[in-house]
Amino acid sequence: MSMDSTLTDSLPPLAASPLAWLPPLLEATTPRAAAVAIIDALHGLPGCRDVRVLWEVDGAEAPESEPAGPCDRQGDRDDLALAREALTDDCPRLSREPRPRLAIPLWRSGGVVMVRLDGPGIAATFLSQAAEPLQVADHRLRTALEVAELHDSMSRLEHSEQVQRALFAISDLAGSDREMPDLLAGIHAIVGTLMYAENCFIVRLEPEHAMVHFLYFVDVNDPAPGDLTLAQLEGTATGYILVDGRPLRGTSEQISEQLREHGSGELRYIGTDSFDWLGMPILRDGAVEGAIVLQSYEPGVSYTAEDQAVLQFVGSHILTALERRRNRADLERSVGQRTLELAQANRGLRQEIAERERAERLQAALFRIAELATADIDEEDFYREVHEVVGSLITANNFFIALLTADGGGIEYPYAVDETGETYIARPVSRGLSEYVLRSGKLIVDRAGTLALAERGEIELDSVGALATCWLGAPLMVGDAAVGLIAVQSYQESEGYGPADAELLGFVASQVANSLTRRRAALDQQQAMVLLEERVLVRTHELRQEISERERIQDQLKHEVLHDTLTGLPNRDYLRSRLDRALARVKNEPHHHCALLYLDVDRFKVINDSLGHLAGDEVLKAVASRLQSCVRDPDLVARLSGDEFAILLENIDVPGTATKVAERVLEQLGQPVTVAGKVIAPSASIGIAIGDDHYGLADELVRDADIALYRAKAMGRNRFVLFDASLQREAIDVLAMEGELRDALRHDQFEPYLQPMQCLASGNVIGYEALLRWNHPTRGVLGPPAFLQIAEECGAIEAIDWRMFELSCGHAARLRQADAFLTINVAPLHFRHTDFDSRLQALLARTGLKATRLLTEITEGSLLHDPARARATLARLQEVGIGAALDDFGTGYSSLSYLHSFPLRMLKIDRSFVVGLGSSGSDNSTSIVTAILTLAHALGMDVVAEGIETEEQRAALIALGCEYGQGYLLGRPAPIAHWLALEARAEGGAG
């Protein structure tokens, strides 16, 4: 059990205090100044030994504090854990060990005041006296934190603006006509305004000769080197950047680690080793063109990821400047060479002009073909236009377009022109030149080539027709399949085709294929539209008949849809529409309000189970009638589902109107009603939400009323609760914790901590108790009080228990002390399952722990819930050697009747009887402990006293005849690794 305790709200009234502390608090403008003022205000209070203020406690980083200092000592970590507990619960937390410490949460600012007290008994008095200063301090610290956050935001914006101006300046400089040394020096100066750049050099890589040229070099320690080969830089950081193309950043050790991760090799140095180093490759299309390097010889001056990003931008503009100058040099050389050539050969110039004119004609023709491919013209006109364009560029007196039929077994000719008068009619697929193009792709062939293809068996001359002097064909490709071809042929010896003609015809073929695809898709779409129109006409006639029938049915069902069939009240949909209209009016008229009373009948399931569903329906009708008598027009009573009802109050002025209606409802519902021959007095729990202009949706108002209803049930039913923001925050916190519990099960974050039980006389460990702990990823190690109730409510506790059982048994099996037993805490719900004992035995078989070493710790409530089932389960466990221990004896019913009727091996005395032993006035505790020991020994049970924390308590128990004990004095709960290490040290010492 934790020694920390929560101070509840039942504190003495605020004590009057002088206002000397007020001016310093009001004058504080920073969080630290506010913290100093808080410390000064609390130091003078009686019982205060020391004060420390923490803020930003919830973050992953160490919190800020006053007095400032690291939180790496154990005491500081304990204070931080206590502070986070207090801030989580929004309630002061008191820790008595190792010294009295009080954690006071400042919930508005998120801060915590840690106070070291003279003694734990003065905590309540101190809180009373400090209440007023702390209230003002909370507001002031929150204001100071908000101001500090605004200052940080302004600083970041100013830095961003500075970086942006510098990057614009670098961009302008890179685009200027300045000479390279001046340009690089200017870039270096701008970079120096953004980061430490006193030592900088820029290199350019010449991959053809593996040379590295130092374009710019400034260094406070080393002279400028000359040009080096890439081999001379092998193994250096600069060499790795030029070879690998990856940036490097950090100290020499960090860079070496990065190189090992990339598998690049070891690092060597040229010149003085730097404290921090940043190098960025200059890349063009993924190829390394050079690098820019910054280095620092000053301890503490290092480079960040932001500096790396800026340097990458700088490198790109350096590359731009280099390329501009290289392109200008190349252009100058090209112009000079071209001028020389023009001067030497005027004829070459005329030939180039002719080539250019031809290229322009070719480009215009290609553009025309591309336009035709998307033009909305007739297919015959399209083919004729394409023929004309092709004929303007190459010899195309003989031209045809062939298409495969849909089944692929024939060839059709939608367009063909031939000087010989040959006719092109549809034919089956054979082995002609057209089929060869469809199989193999583009083909240029002369008469001899055609004969050679026939000789190799690729084609058959009977399928070729008249032999052309030169024949050129290109396939029409749709995706990866050829659907046809386009071909030109010449019968004149002087007319032939070359690769340029084949390339042109290939482009024409791709455009024709695109046009065919588009035209076929349009035809398919047109046919589909015709079919769709026919179906629409038929379906329209059918729909008209259906609409007439549906309108008749809808008129009949309209009332039924919006009303409950049992009570005749409006249903949920009707209520939602009314809520939407009410909230819309509230938005337009903010002085008006509405209220939603969400209620359900208490213990309605008992009425259904006891009297039957027909009687339950009669109760619901009576409730509906009474609810309607409690409201006025235009207020609305609706039945939502089952025993849930809602009342919408419109045009109310104050929340008091809603509470008066709620009181009237409770009074009316409380009147007795006779149902099925029984007189019952129904009651209800009511949640109230006031609708104002903050609500935009009806679901939001229903949600808040439901949250208030849940709180009313939790407070004991037959009452109403008015919704406020704290209820919603609690509901959200519970949902968040449920999600975290599910994640904890998935990621195995639960761990058993073992607490030893010892022989009080000898100090020998006889066994361990497994205690549940949660290794929370952000809140650290959590005990059961922080999450157990939520785990039980959301149904996760059973899975958590079984995971704890398995881990605990597995850990205990690893202990070298073979006779030490293990106790596990078994909740009452496990005894409701008839297979609990068989599952536990299977678990022991998996973990390897002997059954005789395991005891199940149970409470008196587990025995009393279903005594027969519990007795049978314990008996089956006892048969295989698994014992049972009764925990917290004396705090429950403590009935003697079940001590001898249940198979119990051990009795554990509750710590409440142990805490008073060994001190004055402990006669009652001594008498109770003596009686328990006498009873247990008479029944042959072992006794373990819990909660032993002082030597006086230990000595008193030994004197009373108690053999075994457990508590912080004998050993605190710890992970299995702790106890294995202790055993190893003990064995080492014995050896």
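Which residue follows H18, and is its phi positive or negative? Gly-716 follows H18, and its phi is positive, near 120 degrees. Hold on to H18, since I will return to that helix.

First, the ground rules. This is a predicted model, in which local features need pLDDT of at least 70 and side-chain atom pairs count only at pLDDT 80 or more, while totals for chains, interfaces and linings use all residues. Residues are numbered from 1 along each chain as its sequence is written, and side-chain values use heavy atoms, with hydrogens and water left out.

A word on names. Helices (H or I, at least four residues) and strands (E, at least two) are DSSP runs, numbered from the N terminus.

Now the cavities. Rolling a probe the size of a water molecule over the atoms shows where empty space is left. Here a cavity is a set of points, on a 1 Å grid over the protein atoms alone, where a 1.4 Å probe fits but cannot get out; lining residues have an atom within 4 Å of a point. Grid points are joined across faces, edges and corners, and a volume is the space filled by probe spheres set on the points.

The structure has 4 cavities of 30 Å³ or more. The largest holds about 60 Å³ of space. What lines the largest cavity? Its lining is made of Arg-572, Leu-575, Arg-576, Leu-579, Leu-640, Ala-698, Asp-699 and Val-702. Two elements give two or more residues each to that lining: helix H14 (572–588) and helix H18 (698–714). H14 gives the most, with 4 residues. By type, the lining has 5 nonpolar residues, no polar ones and 3 charged. For that split, Ala, Val, Leu, Ile, Met, Phe, Trp, Tyr, Cys and Pro count as nonpolar, Asp, Glu, Lys and Arg as charged, and the others, Gly among them, as polar.

Back to H18. It has 17 residues and reaches 25 Å from its first C-alpha to its last, close to the 24 Å expected at 1.5 Å a residue. The expected span is 1.5 Å times one less than the number of residues. Several H18 residues are buried, among them Ala-698, Val-702 and Asp-704. Buried means under 20% relative accessible area, exposed means over 50%, and partly exposed is in between (1.4 Å probe, protein chains only).

Compare helix H5 (residues 180–194). Its 15 residues should span 21 Å at 1.5 Å a residue, and its end C-alpha atoms are 22 Å apart, which agrees. Its buried residues include Met-180, Gly-186, His-188 and Leu-194.

Next, salt bridges. The cut-off is a side-chain nitrogen of Lys or Arg within 4 Å of a carboxyl oxygen of Asp or Glu. How many does the structure hold? It holds 30.

Take Arg-572, which we met in the cavity lining. Its side chain meets that of Glu-644 in a salt bridge (4.0 Å, N to O). Glu-644 lies in strand S21 (residues 644–652) and Arg-572 in helix H14, so the pair ties together parts that are 72 residues apart in sequence. Arg-572 is partly exposed, at 30% relative accessible area.

Within H18, Asp-704 is buried. Its side chain pairs with Arg-703 in a salt bridge (3.0 Å, N to O). Asp-704 has 2% relative accessibility, so it counts as buried. Arg-703, at 38%, counts as partly exposed.

A third pair is Arg-803 and Asp-748, whose side chains meet at 2.6 Å, N to O. Arg-803 sits in helix H21 (residues 797–814) and Asp-748 in the loop between H19 and strand S26 (750–759), so the bridge ties together parts 55 residues apart in sequence. Both ends are partly exposed: Arg-803 at 27%, Asp-748 at 39%.

There is also a network of salt bridges. It links Glu-769, Glu-857, Lys-908 and Glu-946.

Last stop, two neighbours in helix H28 (residues 951–960). Gln-953 lies in H28, and so does Glu-952. Is Gln-953 buried or exposed? Gln-953 is buried, because its relative accessibility is 5%. Not counting residues up to four places away in sequence, Gln-953 touches Val-914, Val-915, Leu-917, Gly-947 and Ile-948. Contact means heavy atoms within 4.5 Å. Glu-952 is partly exposed, at 47%. Its C-alpha is 7.6 Å from that of Ser-919, 33 residues away along the chain.

Definitions and conventions:
1 Å grid on protein atoms, 1.4 Å probe; cavity = no way out; pocket = protein on both sides within 12 Å on 5 of 7 lines; lining within 4 Å.
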